[in-house]
Structure formats: structure tokens, C-alpha cells
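The following paragraphs lead through a protein–DNA assembly, from a single turn in the backbone outward to the surfaces that face the nucleic acid. Please keep the sequence and the coordinates in view while reading.

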2 protein chains.
Amino acid sequence: MERSGGRGGQPRVPTREVVLAAVRLFTENGFEATTMDQIAADSGVSRRSLFRRFGSKEDILFAGHDELFSTVAGYLRASPDEPLTTVFAAARLVLQDYLGDPEVTLPRYRLVRAHPRLRDREVAMTARYQAAFSRYLARQEGTESGSPVAEMAAASLIAAHNHVLRGWLRDPEQDGQEVLARFEEAMDLVRRVAEPMLHAEGGPGNDRVLVAVYPGGIGREELLRRIGAAVQESGRV
Amino acid sequence: MERSGGRGGQPRVPTREVVLAAVRLFTENGFEATTMDQIAADSGVSRRSLFRRFGSKEDILFAGHDELFSTVAGYLRASPDEPLTTVFAAARLVLQDYLGDPEVTLPRYRLVRAHPRLRDREVAMTARYQAAFSRYLARQEGTESGSPVAEMAAASLIAAHNHVLRGWLRDPEQDGQEVLARFEEAMDLVRRVAEPMLHAEGGPGNDRVLVAVYPGGIGREELLRRIGAAVQESGRV
DNA sequence: CTTTTTATGGCATCTAGTGCCAGAGTAAAG
DNA sequence: CTTTACTCTGGCACTAGATGCCATAAAAAG
């Protein structure tokens, strides 16, 4: 594969090595105590090139996230499946990206927990995903303009995704398959919440949503009796 | 009211004037193009005192937000009402704080939209509220540990709040009462979504959630027939 | 081999942010 | 009223992240 599209150039900065060196230095000496000069010296790259390539010290720690976001955004544009299924798969891409690179994502998680500034940065990243999901859902599901349902659905999805992700970050020993299973479970929950919200407004325009909570194992007849009682005899419902 | 507790001190930095001066400079010259020296000169305060009081250039723009967060956190600790009602009221405090200070919040919104770095900062602020709401709900509603429902509920709430808030920020001419009405409407929607989620897990432990979407006006009998068909004859449901 | 293109690396510079210390101003004690 | 104690301001020096400029090294195209 040819690089960026041009014709020549000096050998590029070895991105991966720089990131690993930076992560090591951040972990050993702390994020603020580590200077760009140290990272430059340690990774054999000039300070100037570090800034050119990564933009900022923080960006070294989150390198690759922009690319991942592009991948996710492209996936949404391709829209292979039904909308919710598509955004779930897109979120799964993010989760798998974390799972597949523990060498970076785990120490980064520890750093992010310790430094508010880095935490803010990570939060901002997830907000970008949320915004992208929200826009996609609003467009695909054709929710009423002015309605917050697409935002709420995207927010729930991100919250559920992050919940599962944090579970792994805190206890990375657990099997990746197990984590993915928990993710699917969480997405089922999101679907149960989001689907009625989205369809209730996006459909013919007069759909209603009925949500019933009942003790498990009461049987079909009893369930119907309770619902019938709950909706009263008011006629049209 | 006496200040911090000590005995003396030089007159304090006039916070409000500094903020207004900064907002004006940011708006006229751009955020990055404005230096702390300019703000210092323009507001008649030394550069050193600006940093001491606000911490950073960004913090001038978001001054008062920490105090607001403390107010909100305190409100949650007081917990006057039922949990969801309490978090709704807490969110309302935030909305009203924005509505009540358009002189700052409106130009800030324009700046935040233009500068990704400021946007990230604002996002981080809302994430703090979301985390506080989530913790509060998890504690109050006693959701199963490991379940993402409290996070999802808080995320939906924040999304709905921000939706209403952005609506006003984009069109600040509309009446504050109108905005608040939209807020209440949005919170109703959040309640319909969040309540079953939270209670389904916090109850006896085996509750199920049934969500049915149906065309409005079909009548009670037809509704029951459809639900009966949907849940099949599997016996226990 | 020469040209073109693209990336690196050194240098100067700008400015956000911090530690330090002197001094101003206020409130209480005598 | 004077002294004392305390707190906050403001100036100074300094660190380090970040950017523009320019020379130069290396790879691809001819």
C-alpha cells in the first residue's frame, strides 16, 4: 500500500513506537511530568515531528482514535442493516478496537482516571460518537424535527457501550467473548428502550407506546387481564 | 456576608467584569487570538490574578459553572422528592441558570460552536452532571450492580435537557416560559423511558418489561388481541 | 541521474500556566 | 488610633506546549 498519495518523502515517524514510548513514560513519570523532549528522545523522533504528526501531547495518547471514528462514520454511511442494528454494529467496532489493543487502552484508562484533563478528552471523543449516532438515527428513522428521541437513543446507546467497556477496563482479565456477550445483552436493552421511542414518532404519526412492567411467570391470561385493567374502559387507546 | 473566613485582604478581582470583558474580546478577536494580557489590560486586573482566580483562559468563559455544579450536587444530596422528580428538578436548575444569564451563555454558545476545544470543554461539563445523576439514580433506585440502566437513564435525561437547551440557544428570542414548558415535556418523555427501566430491575427482581407499539385509536379489545397474539401461548411470560 | 514531491529536524518565537515574593489593603486586637 | 494579623493582588522569572519558517534528506517519477 502506497502512502498518503504523494510521490516521495522521508521515512515516516513510526507512530506505533512513539505511542508505546509515550504511554510508558506517562505511566512511569506521570502525564504532566513527561515532556515532549523526553518522548522525542525516547522514541528517536524530533520534537517538531511529534507535534506535526500528533498535534499535541494528549493526541499521542489518543492516536488512532480519529481513524477509528472515520471507520465508524463510514460504516454508518454504508448502513448495511436496519438502523438500530447498524449503530449497534458501529458501537461494537469501537468496543472491539479497545479490546484489540490492550497494550495501549489499559494504561490509557489508568491515566485517564488519574488526570481530569485526559478524562475530559476521552469524554469529548465519546461525545463525537454520540453526535454521529444521533444524526444517523434522526436521518434514518425520520424522527420528528425538534424531538429529542434520536439524541436520547444515541445517549442510551453510548451509556450502555461505555458501561460494558468500563467493565472490561476495570477487569481486563475476563475473556473478550464474555465482554462481547455482555455488550449484546446491553444492546438488547437499548433496543427495548429505543425502538418504541423512535417508532412512536417516526411511524404513521399516531402510534402509541405501551410499557407494562409485570412480575415474571404470571402467565399469559393474567398478563392480558392486568393490561386490560390498566388501559381502562375508555374506548380508544 | 464575610469572605472566606480570614481577617483582611485586598479588594477582590471583579469576577463578573472580567468575564464580560473576556467574552467581548473572544467574540471580537476570536478565542485563541485573545491573550491573557489583553484580558488583563481590558478588565484592569493583573494577568497573574486572572490565572489565580480562574485557573485558565477557558475557565474564564465557564466561570460559575463549578458553583452551579455544587448547587446541583447539593440539591441531589437534599433529595426532596421521588428520585426521578429530583433529578429533573436538578436539571431544571441548570437550564434556568443558562436562561438567566443570556449575556454570557449566548456568546459562549457561539464560541463553543466555533472552537472544538471549547466544545470539548462544555461536553466535559455536561458529562460531570451526567455522572452525578447516574450515581444518584443508582443509589436511590437501588439498581442491580453491573446494570447500565442508571447510566442510560442519566444519559437520556442529559440528552433531553441539552436538546431543549440548544433549542433556546439557537433561537433565544423565544420566551423562557415556553422553553421551560418544552423542558417539562421532554422530562415527561424521559420518565416514560426511564421509569420502567429502573423499576424493572429494582423491584422484586423478576419483573419483565413489555413494550407494545400500536396505531392510536384501535380500541381496547383490539389492543388486547394484538398483545395476546404477540406474547404467544408459551405459558409463563 | 535528475526532478519532483513529501516528510523530517532545527531554530526562533509566542503564550498559557506556575512558583515566588514583596506589598497593598482590610479587619480585628490592643 | 495604632498595631497586628491576615489575605489578596501584582510583578518577575521560568517552564513547556505549540506554531511558523526554512533547510534538507529521502523516496518515487521521469
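Which residue follows α2(B), and what is the sign of its phi? The residue is G44(B), and its phi is positive, near 70°. Before the discussion turns to the helix itself, it should be stated that the model is predicted.

Helix α2 of chain B spans residues 36–43, and its buried residues are M36(B), I39(B), A40(B) and S43(B). These residues lie on the same side of α2(B), because they cover an arc of only 100° around the axis. What do the buried residues of α2(B) pack against? Their partners are three helices of chain B, namely α1 (15–29), α3 and α4.

M36(B) offers a more detailed view of this packing, being itself a residue of helix α2 of chain B. Is M36(B) buried or exposed? M36(B) counts as buried because its relative accessibility is 6%, and the cut-off for that class is under 20%. Beyond its neighbours within four places in sequence, M36(B) is in contact with R47(B), L50(B), F51(B), S56(B), K57(B) and I60(B). One of these partners, F51(B), is 15 residues from M36(B) in sequence, and the two C-alpha atoms are 8.6 Å apart in space. The backbone of M36(B) also takes part in a contact with nucleic acid: one of its N or O atoms lies 3.1 Å from a phosphate oxygen of DNA strand C.

This last contact leads to the surroundings of DNA strand C. Which residues come nearest to this strand? Of the 29 residues around DNA strand C, they are Q10(A), R52(A), R7(B), R47(B) and R48(B). Of the atoms of DNA strand C that come within 4 Å of the protein, 65% belong to sugar and phosphate. Contacts with bases are found as well. A polar side-chain atom of R47(B) lies 2.6 Å from a base nitrogen of DNA strand C, and an N or O atom in the side chain of R48(B) is 2.5 Å from a base oxygen of that strand. R47(B) thus appears both here, beside a base of DNA strand C, and among the contacts of M36(B). The surface near DNA strand C comprises six nonpolar, 14 polar and nine charged residues. Two helices, α3 of chain A and α3 of chain B, each supply at least two residues of this surface.

DNA strand D can be examined in the same terms. Around DNA strand D there are 30 residues, of which R7(A), R47(A), R48(A), R7(B) and Q10(B) come nearest. Sugar and phosphate make up 61% of the atoms of DNA strand D that come within 4 Å of the protein. Individual polar contacts involve phosphate, sugar and base in turn. A backbone N or O atom of M36(A) lies 3.3 Å from a phosphate oxygen of DNA strand D. In the side chain of Q10(B), an N or O atom is 2.5 Å from a sugar or linking oxygen of DNA strand D. The side chain of R52(B) has an N or O atom 2.6 Å from a base nitrogen of DNA strand D. By class, six nonpolar, 14 polar and ten charged residues form the surface near DNA strand D. Both α3 (47–54) of chain A and α3 (47–54) of chain B supply at least two residues of that surface.

Two further buried positions of chain B are worth inspecting. E58(B) belongs to helix α4, residues 57–61, and counts as buried at 12% relative accessibility. Apart from residues up to four places away in sequence, E58(B) touches F31(B), R117(B), L118(B) and R121(B). T86(B) lies in helix α6, residues 83–99, and counts as buried because its relative accessibility is 0%. With residues up to four places away in sequence left aside, T86(B) touches Y75(B), L76(B), S79(B), P80(B), D81(B) and Y136(B).

The overall composition of chain A completes the account. Chain A holds eleven helices and one strand. Of its 237 residues, 48% are buried. Among the contacts of chain A with a separation of 6 or more, 65% join residues 24 or more positions apart. Chain A exposes about 12,000 Å², of which carbon and sulfur atoms supply 48%.

Notes
Residues numbered from 1 in each chain as written. Chains lettered and ligands numbered in written order. Predicted model: local features only at pLDDT ≥ 70, side-chain atom pairs only at ≥ 80, totals over all residues. Heavy atoms only, no water. Near = heavy atom within 4 Å. Polar contact = N/O pair within 3.5 Å; in protein donor to acceptor, adjacent residues only side chain to side chain. Helix = DSSP H or I, 4+ residues; strand = E, 2+ residues; numbered from the N terminus. Nonpolar A, V, L, I, M, F, W, Y, C, P; charged D, E, K, R; others polar. Buried < 20%, exposed > 50% of the residue type's maximum accessible area, 1.4 Å probe, protein only. Contact = heavy atoms within 4.5 Å. Areas by Shrake-Rupley, 256 points an atom, 1.4 Å probe, with all protein chains shown as cover. Arc of directions from axis to C-beta.
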